[in-house]
Amino acid sequence: MEKLVQYKDSQLGLKASALTPRLYRIKFGRDMIVDLNTLKINFEKVQKAKGEDKADADAEYTVELSVLDLTIFENVAFIMARQYNKAHGLNVPDNIDDWLDNMDQIFTIYEIFPDIMELWSLNQKTTSVPAKK
């Protein structure tokens, strides 16, 4: 599954496949599925807290994403962008720092993460019907 994500005046191509978790594990030594599930839970907590805080303009957000959450987000976006670019004959640096440094514009987790989760969810859907036992 592929998707072009619009953010500000730029686009980010993302691709998710069965290879994505393997590439993530090889590159970062972590389980992408566990990391994404944890990030999704934390992201939803922050979104909920922000929604509740809108009622009180002076309220401070008490729930925030951790540095680890943001690192996981950047790592997943990097792997999916590398897959997309490789499939389209484009070059992406091997180093995530170089990739982020070469971005045309800064993107935030709030702009891109919902698209990553949508793409990953679509990739996980099956079209086969299980056999009755």
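Helices and strands here are DSSP runs, numbered from the N terminus. The model described is predicted. On this basis the protein chain contains five helices and two strands. Along the sequence the elements follow the pattern β-β-α-α-α-α-α. The protein chain has 133 residues, of which 35% are buried. Among contacts between residues at least 6 apart in sequence, 68% join residues at least 24 apart.

The strands come before the helices in this pattern. Strand β1 spans residues 2–7, and β2 spans residues 10–15. The loop between β1 and β2 holds K8. Phi of K8 is near 50 degrees, a positive value in a residue other than glycine. K8 has a relative accessible area of 45%. This value lies between the 20% and 50% cut-offs, so K8 is classed as partly exposed.

L4 belongs to strand β1. The relative accessible area of L4 is 45%, and L4 is therefore partly exposed. With residues up to four places away in sequence left out, L4 touches Q11, L12, G13 and Y84. One of these contacts, Y84, is 80 residues from L4 in sequence. In space, the C-alpha atoms of L4 and Y84 are 9.2 Å apart.

Helix α1 covers residues 20–28. Its buried residues are T20, P21 and Y24. Seen down the axis of α1, these residues fall within an arc of 95 degrees, so they line one face of the helix. Just after α1, G29 adopts a positive phi of about 70 degrees.

Two helix pairs involving α3 were examined. Two packed helices are described by the angle between their axes and by the distance between the axes. Helix α3 comprises residues 67–87 and packs against α1 at an angle of about 120 degrees. The axes of α1 and α3 are 10 Å apart. An angle of 65 to 115 degrees would count as roughly perpendicular, and one over 145 as roughly antiparallel. The angle between α1 and α3 fits neither range, so α1 is oblique to α3. The crossing of these two helices is right-handed. On the α1 side, the contact is made by T20, L23, Y24, K27 and F28. The α3 side contributes I72, N75, V76, F78, I79, M80 and Q83. By class, the contact of α1 with α3 has eight nonpolar residues, three polar and one charged. T20 and Y24 of α1 take part in this contact, and both are buried.

The second pair joins α3 to helix α5, which runs over residues 109–124. Here the packing angle is about 60 degrees, and the axes lie 11 Å apart. Helices α3 and α5 are therefore oblique to each other. The crossing of α3 and α5 is left-handed. From α3, the contact includes L70, F73, V76, A77 and M80. From α5, the contributing residues are I109, I112, F113, I116, L119 and W120. The contact of α3 with α5 has 11 nonpolar residues, no polar residues and no charged residues.

Helix α3 takes part in both pairs. V76 and M80 of α3 appear in the contact with α1 and also in the contact with α5. The crossing is right-handed for α1 and α3, whereas α3 passes α5 in a left-handed crossing.

How values were computed:
Residues numbered from 1 in each chain as written. Predicted model: local features only at pLDDT ≥ 70, side-chain atom pairs only at ≥ 80, totals over all residues. Heavy atoms only, no water. Axes fitted to C-alpha atoms, helices over the stretch in contact; angles between N-to-C directions. Helix = DSSP H or I, 4+ residues; strand = E, 2+ residues; numbered from the N terminus. Parallel < 35°, antiparallel > 145°, perpendicular 65-115°, else oblique. Left-handed = near helix turned anticlockwise from the far one by under 90°. Contact = heavy atoms within 4.5 Å. Nonpolar A, V, L, I, M, F, W, Y, C, P; charged D, E, K, R; others polar. Buried < 20%, exposed > 50% of the residue type's maximum accessible area, 1.4 Å probe, protein only. Arc of directions from axis to C-beta.
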